[in-house]
Amino acid sequence: MKEYNVKLPCGINKDGKVVYIKDAKNGLSCECFCPGCKQALVAKNGGTKREYHFAHLNIAECEHGYQSALHYMGKDLFLEMEYFTFVKDGKSEKYKIDSVELEYKIGNIIPDILITCDGKQFIVEIFVTHAVDDEKKEKIKSLKISALEIDLSRFKTVPIDKETLKQELQNPDNFSWIYDADHDLIEQKRNIIQQFGLKIPIEFGEILACPQLANQSNQFARGVTLDFCLHCPYCVYKNGQGFIFCGKILPAVLNFETKEKLSTNIFVNENKIMFASEFKNHAENLNKELQLAVNQQFQILKSIAINQYAQACRSLSSNYSQHNSRTNNNKHNYRKRRGFY
């Protein structure tokens, strides 16, 4: 089936907005033009027998009208979305969309869509006839913003309604990453911590000193389990090593840009970057675990101190008794020699 035999489901009005056939005024009153050739359209949505559609006023049909319409619709539907689906750790999860910008210039490119999800920006490209080329990929990488492409090319000659298209825009099977900025940030943070961080030994599955714990309570920072460190955003650890690298305390010589790459929501052990709300929940749980660890260590040290104090008291009492016994013996011997007995 030729693409231009597929009826146009939408047109573009004089303000550049997408107008769907069911929302358009009938006939020339729609005041719309073709997304492909920019020629005037007629809205055919007043009858009951034929499928509603737009038709060209002065030409039969254009070759790329439907493809362009599909591309316009794909971008426009993002304005109606409240959530977007990402694949993280092999699982599909929905995240709240904060804002959507269409054809918004950023740097030296104009992406189809720029969305902000839970405080984080993403570039989205709609692929109908042409995938993102290598030149644009390099420009995207230079921006350090994660970008994905949604492949709708299988629909370029197949009619698709608005609701179905909306579902396909949320289908992770249609996604492919153009550039994953998270991967670069994780590697940069790992390298910085390994270069400048503290090298802390591990003995019997425990860290000898924990700067993160010390930051909470300036003491009781010894004997922290390795598992605790593996869930800390400042830790770099490789299996089999007898030490970790900790980036909690780094030299003041690190410049602002480098410190920015040490953002606390970057987890180098788990190879992921948490969204804002995720890290907020994690930070709350981490603080609770820190406080629990501090309390546990305090109780242990308190118990040790009490035992040591009790032992010292017993030793002192024993020494005092021995001292009194020796004193009494000395007095007895002295008096005996003097003839008091």
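Modeller: Before we start, a residue is called buried under 20% relative accessible area, exposed over 50%, and partly exposed in between; please also keep in mind that this is a predicted model.

Colleague: With those limits, how does Lys 166 count: buried, partly exposed or exposed?

Modeller: The relative accessibility of Lys 166 is 23%. Because buried requires a value under 20% and exposed a value over 50%, Lys 166 counts as partly exposed.

Colleague: Which acidic residue does the side chain of Lys 166 meet in a salt bridge?

Modeller: The side chain of Lys 166 takes part in a salt bridge with an N to O distance of 3.1 Å, and the partner is Glu 80. Lys 166 belongs to helix α3 whereas Glu 80 sits in the loop between α1 and β5, so the pair ties together parts 86 residues apart in sequence. The partner asked for is therefore a loop residue, namely Glu 80.

Colleague: Which residues are joined with Glu 80 into one network by salt bridges that share partners?

Modeller: A salt bridge at 3.2 Å, N to O, also forms between the side chains of Glu 80 and Lys 162. Lys 162 lies in helix α3 (residues 162-169), while Glu 80 is in the loop between α1 (65-77) and β5 (83-88), so this pair links parts that are 82 residues apart in sequence. Glu 80 also meets Lys 166 in a salt bridge. Through the shared partners, Glu 80 is joined into one network with Lys 162 and Lys 166.

Colleague: In the salt bridge between Lys 22 and Asp 23, what is the N to O distance?

Modeller: Lys 22 is exposed, with a relative accessible area of 59%, and Asp 23 is partly exposed, at 48%. Their side chains meet in one salt bridge, and the whole structure holds 11 salt bridges. For the pair Lys 22 and Asp 23 the distance from N to O is 3.2 Å.

Colleague: Turning to the nonpolar interior, which element gives the most residues to the largest core?

Modeller: The largest nonpolar core has 44 residues, and those with the most contacts inside it are Phe 78, Phe 84 and Ile 150. The element that gives the most to this core, with 5 residues, is α1.

Colleague: How many residues does the second, separate core have?

Modeller: Leaving aside residues up to four places away in sequence, Phe 78 touches several residues, among them Phe 84, Val 100, Ile 150 and Leu 169. The second core is separate and includes Ile 106, Val 132, Ile 140 and Tyr 179; its residues number 11.

Notes:
Residues numbered from 1 in each chain as written. Predicted model: local features only at pLDDT ≥ 70, side-chain atom pairs only at ≥ 80, totals over all residues. Heavy atoms only, no water. Salt bridge = Lys/Arg side-chain N within 4 Å of Asp/Glu carboxyl O. Buried < 20%, exposed > 50% of the residue type's maximum accessible area, 1.4 Å probe, protein only. Helix = DSSP H or I, 4+ residues; strand = E, 2+ residues; numbered from the N terminus. Core = buried A, V, L, I, M, F, W, Y, C linked by side-chain atoms within 4.5 Å. Contact = heavy atoms within 4.5 Å.
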